[in-house]
Amino acid sequence: MFDSALTTNKATPCLRISCSHRKTHQHQRHIRPIIRIKPPSRWLRIMPIILAASLLATFCVHTTSANDVTFRTVAQTGDLIPNTGSETQQFGQISSPAINAHGQTAFIATTLSDYFFGKSIYSEDSGQITRVVKGGQAAPDGPDHLIIDMISSYYYIRPVISDNGDVIFGTQLYATDDLASNSIAFYRHHDGVTHEMIRKNAPLRNSNPQDMITWFDSEQKSLLINSSGQSPIAGFRESSITADGDQYVLYFQTPGAAVSVLHENDPAPGSTTNAVFNSFSVNSINSSGQIGMYAHTYDPASDQYIRGLYAGTPGSLTPVAIEGQIPPDATDSVGFDLFSGLQLNDNGQYLFSSTRATNTGADAGNALYSNASGTLREIARDGQPVPNQSGNEFFLGLTSPLLNATGNVAFLGHIVDTNDDHLYAAIFKSTDEGLQELVRSGQQVPGLSDGITISEFGQIPYPHNVLTMNAAGQIAFLATLEGPGVTNLTDDNAIIVIDPDGTLRTIVREGDMFDINHDPLVEDLHEIFSIELLTGSTDQGGGATSFNSSGELAFVLGLSGVGYALIVADTLPTIPEPATLMIVGLTSLLISQRHTRHKRGSSRLM
């Protein structure tokens, strides 16, 4: 593990994030204490206690401050790629970092000596890096004419690492003999081996050999996998043995099996008109195999297609919200309209966003809903007054909603002040105590010079999915900065973490000097020129995340003179153990008493 230090304030370049080691600088003054006290017998008896307590405190006490963060470097440009049989293959550009509950990571990196087909996916566990797949290699479990294409792929899904260490990903396959036979496939790296999960226009592995997927769910922008290794994949199946010939099907893929669990024309639960499923898209899966799903159903009685959200295990799904249904806290003239997916945590709690429409078809704005309190309720909606403000501020948009393991909801609220039509953005958190504003645009950035404020949430031009949240209730986000001395594209982006108590801490910032050397006595400082952080996710729901419940945050820094580095920051504030506090307190008391005695008898020491 590499511990690093970071300069966090340009006005005071010697201010650094607290690390587990401190470096000695030549310009620092070294003061030798002069002891002129002849120790009496009591001092000799006290000294061993003080020394023992001090040593124990040195190993046990971890001081919590506003910037209590340590770092480790997983991989960086120029490092030799392990286990390749070559002493010349080095990491090039590093991207797409993800982390699981145990601190294991997955990422993508190019190879300096092979740009075109040198892009590969890697996993890392306690510093041990393994290549999962390499661009240009033969497609695992595929015919010889198909190779992994990770450069020109128009259908590519970033790697996800599950809590059991499996890595799943999707990529385009390039056909060396006939471009018309190019394909798409999803893969799983399990127990050190990469196997095909599902491939377009190929018989399903470990399933009925007559089943063939001809088209994947177009809504599936990321793969999902839970801690049990279940990965839901939906697509259009051709099969000669099905009653209707072709069907839309949901599969649960595990190592060694692909089992169909939901089919087109299956009865839609909760329907009073014999509606059936037409198509579906899984948005989340929890550790129990429950899914959060968006679906279209077909009602033969009215010959209509209806949108809806469903949760539960396949075969035992429950309707959460149906198009046209009256939402909680709404009038009889308003109904659900369009849904943006269903987030599900390990406790079966869910969160979703929906536009609403009146019974005349007029737009009634967007709203967030969750059942984390025990019943489905409205979290926030367009047009609602912003809480704890003057009454002149109202929500104008709700984006980047997230649900964590404890049922807390976070989102980015867009606000208008009707007094002057000024627009703001702010991060809000919903708990049992209600809706709380955490930070808003125009607010001072912690740890930086006075006047440097948050201009935008997110990294321009990608301002929508801007948050990530973990089970501990921490929220991390990318911020665009403005203020004195801030230069566009040079030092105007930073990662900021909000702790559960509402404290804001700047983790890294463009333009700062970052130390990537593992030796605490040697500095290796490089200026940060870019930051990549996966946002729009939590450590629930089975998708790729950058923030785990232990407070480990994975991101990629662009560093001058180096290239790129995958960094994991330990951001969770720590509190000294009670026993440690007692030892430190006892030591302080003994020293204080001794000093008091010396003061009283100071004439004897001169």
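This passage describes the confidence, strand pairing, burial and aromatic contacts of a predicted protein model.

The structure is a predicted model in which local features need pLDDT of at least 70 and side-chain atom pairs count only at pLDDT 80 or more, whereas totals for chains, interfaces and linings use all residues. Residues are numbered from 1 along each chain as its sequence is written, and side-chain values use heavy atoms, with hydrogens and water left out.

The mean pLDDT (the predictor's confidence in each residue, from 0 to 100) is 82, and 78% of the residues reach 70 or more. Two of the stretches with lower values are residues 53-66, where pLDDT stays under 50 and the model has 18 contacts beyond four places in sequence, and residues 594-606, where pLDDT also stays under 50 and such contacts number 8. Contact here means heavy atoms within 4.5 Å.

The protein contains 2 helices and 37 strands; helices (H or I, at least four residues) and strands (E, at least two) are DSSP runs numbered from the N terminus. Of its 606 residues, 49% count as buried, a term that stands for under 20% relative accessible area, with exposed over 50% and partly exposed in between (1.4 Å probe, protein chains only). The exposed area is about 27,800 Å², of which carbon and sulfur atoms supply 52%; accessible areas come from the Shrake-Rupley method with a 1.4 Å probe, and for residues only the protein chains shown count as cover. Among contacts with a separation of 6 or more, 48% involve residues 24 or more positions apart.

One open sheet has 5 strands in the order β1-β37-β36-β34-β33, with antiparallel pairing. Its edge strands, β1 (70-76) and β33 (513-515), each pair on one side only. Neighbouring strands of the sheet are turned by 50° against each other on average, direction ignored; axes are lines fitted to C-alpha atoms, for helices over the stretch in contact, and angles run from 0 to 180 degrees between N-to-C directions. Strands pair if DSSP finds at least two bridges between them. Within this sheet, β36 (residues 552-559) and β37 (residues 563-570) pair in the antiparallel sense over 8 bridges, and F555 stands opposite I567 in β37.

A hairpin is formed by β22 and β23, with 6 residues between the strands. Strand β22 (residues 363-370) pairs with β23 (residues 377-381) in the antiparallel sense over 4 bridges. L368 stands opposite A380 in β23, and G374 in the hairpin takes a positive phi near 115°.

A476 lies in strand β30 (residues 475-482) and counts as buried because its relative accessibility is 0%. Apart from neighbours within four places in sequence, A476 is in contact with V466, L467, T468, I496, V497, F547 and L553. The C-alpha atoms of A476 and T535 are 8.2 Å apart in space, while the two residues are 59 apart in sequence.

A search of the whole structure finds 19 aromatic pairs. Rings of Phe, Tyr and Trp (its six-membered ring) pair if their centres lie within 6.5 Å, and planes under 30 degrees apart count as stacked, over 60 as edge-to-face and the rest as tilted. The rings of F339 and F352 have centres 6.1 Å apart and planes at 70°, so this pair is edge-to-face. F339 belongs to strand β20 (residues 334-344) and F352 to strand β21 (residues 350-358), so the pair ties together parts that are 13 residues apart in sequence. Both F339 and F352 are buried. Elsewhere, Y248, F277, F280 and Y310 form one aromatic cluster.
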